[in-house]
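Q: I have a new model open and would like to learn how to read its sheets, helix packing and pocket. Can you take me through it?

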Amino acid sequence: MDTAAETATPPRRDGAWHEAVPYSSAGQLVERLAPQVAAAVSAGDPVLAVLDEATGVRLRDALGTDSSGVDFQDPLEVHRMPAFTVALQWARMSRLITAPGGRALVVGQQLDAIDRGPHHWARLDIGVNVATAGLPVTVLCPFEDDIAHLDTVQATHPLLGTATGSEPSRFYREPEESVLDYPPPPPPDLGTPAAELTFVPDDLVDLRHLVVRVAGSAGLDPDRVADLVLAVNELASNSVEHGPGWGRLRLWTGADVVAEVADTSRMTVPFPGMRMPPPAGARGRGLWLAAELSDALEVWSEPSNTVIRVQMSI
């Protein structure tokens, strides 16, 4: 693909904008990105850039003093989190908008050097489509234009960058359809838990006390402990109210506190925790709240069981 630099100031956009940006060299990519980033900084918009070190240095040089208005983050640190969690974090950039009519800009480079499993980038892009829907957020996803998985990029991005601007992807598939091809990896084995509890409705008080004790002993800040307790309580309540009536809690400690709630039900909520539930709805509130309160939420649901983990960094 031809990716000639855009020199004109990009137009302001409405709603979510998720575009794949092909490039053949770091210099070409920076020429394409710099006008859009500079325009966003000039408008007072929040800007996040997740780029490899060499491209980040080039972009800083191209922006000059405008680079101080960009939050440059380490890709290795960002992508240690699950794909859907990263998507939610990027969508939340809209909360940083202060100027009327503003919009957030995220530049998230797709890097083969980051090995997070075979479906990480596809799930990230599907998650972005879900999490940013209706929000004033632009997400630009630079990728090397000779990659083998171009078909995946085209299927998970509504828009593709070209030499003359952006155009709709002819192969784009809606999230509910495309996600079926990219299931999450199985839950990683975290070893022997620090504590566990099989619970029924009468055990929810004991469950909350157990979370307080384990998370507090691990060194989690008291406010974060309170958030974790509320998140776990929401998940456990789902098991007893909407699931089989019981569940199992397991807790692990280390650099993070991880809480897992599992039961023998199958979850049918699409993209659990990623969409704010409607005011009149009864389902999905607990998952959405747990996702908001924790650093990461992951869900694995099979015909015979559902496993949900929330993570809080110490």
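The turns below take the sheets, the helix contacts and the pocket one by one.

A: Keep in mind that this is a predicted model. Start with the sheets.

Q: What is the strand order in the open sheet of seven strands?

A: Read a sheet from one side to the other, not along the chain. Here the order is S3-S2-S4-S5-S1-S6-S7, and the pairing is mixed.

Q: Which strands are the edge strands there?

A: Look for strands that pair on one side only. In this sheet they are strand S3 (70–73) and strand S7 (165–168). The twist from one strand to the next averages 25°.

Q: In which sense do strands S1 and S5 pair, and over how many bridges?

A: For a strand pair, read the direction and then the bridges. Strand S1 (residues 17–23) runs parallel to strand S5 (residues 137–144), with seven bridges between them. To find the register, take one bridge: Val21 has Pro142 in S5 as its partner.

Q: Which strands does helix H4 lie across?

A: Helix H4 (residues 83–91) lies across strand S2 (47–50), strand S4 (104–108) and S5. Its direction makes an angle of about 135° with S5.

Q: How are two packed helices described?

A: Two values do it: the angle between the axes and the distance between them. Take H4 and H5. Their axes come within 8 Å and cross at roughly 40°. The crossing is right-handed.

Q: Which residues of H4 and H5 meet?

A: From H4, take Ala83, Phe84, Val86, Ala87, Leu88, Trp90 and Ala91. From H5, take His120, Arg123, Leu124, Gly127, Val128 and Ala131. By class, this contact has ten nonpolar residues, two polar and one charged.

Q: At what angle do helices H8 and H9 pack?

A: Helix H8 (residues 204–217) and helix H9 (residues 222–241) pack at about 145°, and their axes are 9 Å apart. H8 crosses H9 in the right-handed sense.

Q: Which residues make the contact between H8 and H9?

A: H8 brings Leu204, Leu207, Arg208, Val211, Val212, Ala215 and Gly216. H9 brings Val225, Leu228, Val229, Val232, Asn233, Ala236, Ser237 and Val240. The classes are eleven nonpolar, three polar and one charged.

Q: What is the order of the open sheet with five strands?

A: Read across again. The order is S8-S9-S10-S12-S11, with antiparallel pairing. The edges are strand S8 (195–199) and S11, each paired on one side only. Ignoring direction, neighbouring strands are turned by 15° against each other on average.

Q: How many bridges join S10 to S12?

A: Eight bridges join strand S10 (residues 256–263) to S12, and the two run antiparallel. One place to check the register is Val261, whose bridge partner in S12 is Ile308.

Q: What is the volume of the largest pocket?

A: About 1200 Å³. Next, read who lines the pocket. There are 48 lining residues, and Phe84, Arg123, Pro184, Val299 and Trp300 lie nearest the centre.

Q: Which elements give two or more residues to that lining?

A: They are H4, helix H5 (120–131), strand S11 (296–302) and strand S12 (305–313). S11 gives the most, with seven residues. Phe84 and Arg123 also appear in the contact of H4 with H5.

Q: How do the lining residues divide by class?

A: Sort them as you did the helix contacts. The lining of the largest pocket has 29 nonpolar, nine polar and ten charged residues.

Definitions and conventions
Residues are numbered from 1 along each chain as its sequence is written. This is a predicted model: local features need pLDDT of at least 70, side-chain atom pairs count only at pLDDT 80 or more; totals for chains, interfaces and linings use all residues. Side-chain values use heavy atoms; hydrogens and water are left out. Two strands pair if DSSP finds at least two bridges between them. Helices (H or I, at least four residues) and strands (E, at least two) are DSSP runs, numbered from the N terminus. Axes are lines fitted to C-alpha atoms, for helices over the stretch in contact, and angles run from 0 to 180 degrees between N-to-C directions. Contact means heavy atoms within 4.5 Å. On a 1 Å grid over the protein atoms alone, a cavity is a set of points where a 1.4 Å probe fits but cannot get out, and a pocket is an open set with protein on both sides within 12 Å along at least five of seven lines; lining residues have an atom within 4 Å of a point. Grid points are joined across faces, edges and corners, and a volume is the space filled by probe spheres set on the points. Ala, Val, Leu, Ile, Met, Phe, Trp, Tyr, Cys and Pro count as nonpolar, Asp, Glu, Lys and Arg as charged, and the others, Gly among them, as polar. A crossing is left-handed if the near helix is turned anticlockwise from the far one by less than a right angle, and right-handed if clockwise.
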